[in-house]
Amino acid sequence: MDLDAFSWLLTDDGQRLLARATEMSLSAESDGKDSDLAVQTALRKDEAAERVAAAMTQVDLRRKAAAKFGDLAPRMYFTPDGLEQATRLAVAHHRAARLRAFDAASVIDLGCGIGGDLIASSRAGLTAAGVDNDPERVAVAQANLDALGLPGAVTVADATGVDHSPFDVAYADPARRGAKGRVFSAEGWTPPWSWVETLFARDACVKVAPGIPHDLVPDKVEAEWVSDRGEVKEAALWSGSLASTHRRATVIGERGLATLTSEDDPGAEVGPVADFLYEPDGAVIRAGLVTAVAAGVQGHLVDEHIAYVASSASFETPFARGYQLLEELPYREKQLKAALRERGIGKLTIKKRGVQVVPEQLRKRLALSGSEEATIVLTRVAGEGTCLLVRPF
């Protein structure tokens, strides 16, 4: 991003160009046209190419940002990598609410990016400050606070050299992408894991990838996995007085937020399939709390290595998707194809876990043409491949 062009975009003239670019793009979209090239060509008759490019970049990124930031996105500013790494607003609000619940009054964001977490903290009433070593991201973060009328301070600095002791909480979101793409080694993050670990000596929260190995989480640090509307978005590590359990799964959905902890997990036995099957949320699976779901629905695991729960009772739970078991079908493909055709099934949803099946390829080979719809679950039960015909509820 051209920082000079972005700075100009924040002026009165720049805001008029951005509003015009937005209006023209929306109009072209409503007409079913490929908008960008035509809009840019029209705008360049009156403005310099770099300024038009800056405006069109924001129009495009705001459109993409709606999934993360909802109705705030049209008023915000982004960079491509900053948007990719930014926390979904619902998840950031949850994190800020946790800080307030622990009576924190101030937080410093050590690597604030485009300011997504700063926005949530400020909206929650926390005194929020952010640092980042990228001047472009700092400019965007400050522009976002200003655009939303929120207090907060942002400055260019290396997070590893900042004195964070005056703040109640230190928050960090290490960058997990480099010039060559995603970085899988924690020591290759920016800042590296060796520095991140120093934060755990105080009240801190660190956002990490949901695939973080459990053995990388230090003792006395709480690991929380968060899903938003069925998608596992991240994990967060909480230390000091902010840690209240060992492992936690938090599920954000249409009906609100629910949380499950290792204290809710008495363990569960392994048993046969039953009248109802439950598919735990991804955050629950990542947190290793599948047996807590089993206990909650008075059920058991169908296999000690598979995240499916069976129960003779029907429950509504925010921590799992429920299915009624209709019947067990043949697992072998030829016999399964015959059974599905016999039932007139043409549209098939395939759920699978713990078996080497590619649903799209299997569906193509089955070549079904009936008028009925169905859902099957391909999994292992007591180590054996099993196919279950189910109905979601």
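At what angle do the axes of helix α2 and helix α4 cross? Hi everyone, let's start there. Before I answer, please keep in mind that this is a predicted model.

So, the angle. Helix α2 covers residues 12-30 and helix α4 covers residues 49-69, and their axes cross at roughly 55°. They come within 9 Å of each other. An angle between 35 and 65 degrees falls in the oblique range, and α2 and α4 are therefore oblique to each other. If you turn the model on your screen, you can also check the handedness: α2 passes α4 in a right-handed crossing.

Which residues make the contact? From α2 we have Leu17, Leu18, Ala21, Thr22, Ser25 and Glu29. From α4 come Arg51, Val52, Ala55, Met56, Gln58, Val59, Arg62 and Arg63. For those of you who think in side-chain chemistry, this contact divides into 7 nonpolar, 3 polar and 4 charged residues.

While we're on α2, have a look at Glu23, which sits in that helix. Is Glu23 buried or exposed? Its relative accessibility is 59%, and the cut-off for exposed is over 50%, so Glu23 counts as exposed. Its C-alpha atom is 9.6 Å from that of Val59, with the two positions 36 residues apart along the chain.

Now let's move along to helix α13, residues 359-366. Here Pro359, Leu362 and Leu366 are buried. Why do they belong to the same side of the helix? They cover an arc of only 65° around the axis, and that puts them on the same side of α13. Over on the other side, Glu360 and Lys364 are exposed.

And what covers those buried residues? The cover includes helix α12 (333-342), along with strands β16 (345-352) and β17 (372-381). One more detail for anyone who likes backbone angles: α13 is followed by Ala367, and the phi of Ala367 is positive, near 50°.

Let me finish by zooming out to the whole chain. The protein chain has 13 helices and 18 strands. Its C-alpha trace spans about 65 × 55 × 35 Å along the principal axes. Of the 393 residues, 48% are buried. And if you take the contacts with a separation of 6 or more, 66% of them are between residues 24 or more positions apart.

That's my tour. Thanks for listening, and I'm happy to go back to any of these spots on the screen.

Methods. Residues numbered from 1 in each chain as written. Predicted model: local features only at pLDDT ≥ 70, side-chain atom pairs only at ≥ 80, totals over all residues. Heavy atoms only, no water. Buried < 20%, exposed > 50% of the residue type's maximum accessible area, 1.4 Å probe, protein only. Helix = DSSP H or I, 4+ residues; strand = E, 2+ residues; numbered from the N terminus. Arc of directions from axis to C-beta. Contact = heavy atoms within 4.5 Å. Axes fitted to C-alpha atoms, helices over the stretch in contact; angles between N-to-C directions. Parallel < 35°, antiparallel > 145°, perpendicular 65-115°, else oblique. Left-handed = near helix turned anticlockwise from the far one by under 90°. Nonpolar A, V, L, I, M, F, W, Y, C, P; charged D, E, K, R; others polar.
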